[in-house]
Amino acid sequence: IVTDFKPLLLQVASNKNEKVEVRAQALLALCDLALLFDGVLGPISSSTANEEEEANDVSFVFLLSEMLCNSNPALVVLAAEVAAKLLFAGKLNDHPTMVAHLVAIFFDTNLLKSDADEDFDEVKEIGNPVRLQQILSLFFPAFSIKSREGRATLANCIKPLLSIVSEKLSKKKRGKKATAWPIAKMVEYVCSNIDLGKEEAKKMEGARHSHDGEKEEEDNSPCKPSSTLLASIAIAEFLTESSVGCTTTYLRAICKIVGGADIILEEEPFENLSILKKSMDEAAMVVTDSTSIRSLETLVELLDEIPDEEEEEEEDEEDDNEASVEADELAEELQKTNLSGIDPAGENSNGDDEENATDIMEEGKPSNNTSIGTGHRQLGVLN
């Protein structure tokens, strides 16, 4: 089935000259097949008319990502619903950019500009914006609660989300009112879903232990970074790489987000704090807007309390050197103690004992009294 119908369905769904309704049906058919057969998501090679040209790799995942950026709202809504189904089913692993598109679509007010008196039957139809909002409002928390990988994907989607919103703001059309993008609420929404997933995962783990009659073990694993710290790292890296192309308003908004991040240094892993400190130092050198720089100062000052990795390595080396010196001194003391009473061969260095040993060898037979006395003196030296 996959071999026969997959190329045909991909061709119909990607054909821009085809009617939207037909493309939508082909996309839904591909989604149903992908839920049943993993091979549907893999790429296929389709050669162009000219045999000398290289073959182009076409895949359902690439087509879906392309539709999420389409200018036609109907295709965007349909592609978002299909992407949500495949992500939640675990068919699309490690696709933070696709999740970032879903977050942007969820907060896109243009997609919700439909008639207020829309019929309930129309809302239930596939491709309806209101139906999509209902699906996504359930998808994000469920995706976070379902698995640790889902929470990691949500955390990794913040950086591409910032790029998506920045690109949309840069494509503002003349004569049209710009769409408001509440980037602070968007980042906060992602972080809240990550935290919700962690809390529910702990509850389910505790419930499992209590149901099995097992005593819940203490979690001695290293502390994990909070969602706020992960979001701050993503924003700092975005500022370092892409702040030049941002509008002033957008730049100030994201600098205000990261500058006001509530990070408790004692509860965060040193490794992640070091990454954030390095990224913030680089971002502070790139950002030139005075208002944005003032927003970053609070977090930069807080992170100054964290030692650099080089300083940490130097402190570790000093501790190792001190331990080595102490070990050498202890070895020398032990050696002096041994030399004062026992020679390297393990014999007593007392002259009388040497004479006794010589007498015993000359007589040809050992003396029990002498042997016992010698042993007592040796024990006395060791003690």
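1. Helix 2 and helix 4 first. In this predicted model, helix 2 covers residues 20-36 and packs against helix 4 at an angle of about 5°, the axes being 10 Å apart. An angle under 35 degrees counts as roughly parallel, so that is the label for helix 2 and helix 4.

2. Who makes that contact? On the helix 2 side you'll find V20, R23, A24, L27, L28, C31, A34 and L35. Helix 4 answers with A74, L75, L78, A79, V82, K85 and L86. Sorted by class, the contact of helix 2 with helix 4 comes out at 13 nonpolar and two charged residues, with no polar ones. If you're looking for the charged pair of entries in that list, they are R23 on helix 2 and K85 on helix 4.

3. Helix 4 (residues 73-88) has a second partner worth a look, namely helix 7 (residues 129-146). Here the axes come within 10 Å and cross at roughly 25°. That is again under the 35-degree cut-off, and helix 4 and helix 7 are therefore roughly parallel to each other too. As for handedness, the crossing of helix 4 past helix 7 is left-handed.

4. The residues behind the helix 4 and helix 7 contact: helix 4 brings V77, A80, E81, A84, L87 and F88. From helix 7 come P129, R131, L132, I135, L136, F139, A142, F143 and K146. The class count for this contact is 12 nonpolar, three charged and no polar residues. The charged ones are E81 from helix 4 plus R131 and K146 from helix 7.

5. One backbone oddity to check by eye: D94 isn't a glycine, yet its phi is positive, at about 60°. You'll find D94 in the loop between helix 4 and helix 5, the latter spanning 96-106. Is D94 buried or exposed? With a relative accessible area of 59%, D94 is exposed, because anything over 50% falls in that class.

6. Now the whole chain. DSSP-style assignment gives 17 helices and two strands. Of the 383 residues, 33% are buried. Looking at contacts with a separation of 6 or more, 69% of them link residues 24 or more positions apart. The exposed surface of the chain is about 24,000 Å², and carbon and sulfur atoms supply 50% of that area.

Definitions and conventions
Residues are numbered from 1 along each chain as its sequence is written. This is a predicted model: local features need pLDDT of at least 70, side-chain atom pairs count only at pLDDT 80 or more; totals for chains, interfaces and linings use all residues. Side-chain values use heavy atoms; hydrogens and water are left out. Axes are lines fitted to C-alpha atoms, for helices over the stretch in contact, and angles run from 0 to 180 degrees between N-to-C directions. Helices (H or I, at least four residues) and strands (E, at least two) are DSSP runs, numbered from the N terminus. Angles under 35 degrees count as roughly parallel, over 145 as roughly antiparallel, 65 to 115 as roughly perpendicular and the rest as oblique. A crossing is left-handed if the near helix is turned anticlockwise from the far one by less than a right angle, and right-handed if clockwise. Contact means heavy atoms within 4.5 Å. Buried means under 20% relative accessible area, exposed over 50%, partly exposed in between (1.4 Å probe, protein chains only). Accessible areas come from the Shrake-Rupley method with a 1.4 Å probe; for residues, only the protein chains shown count as cover.
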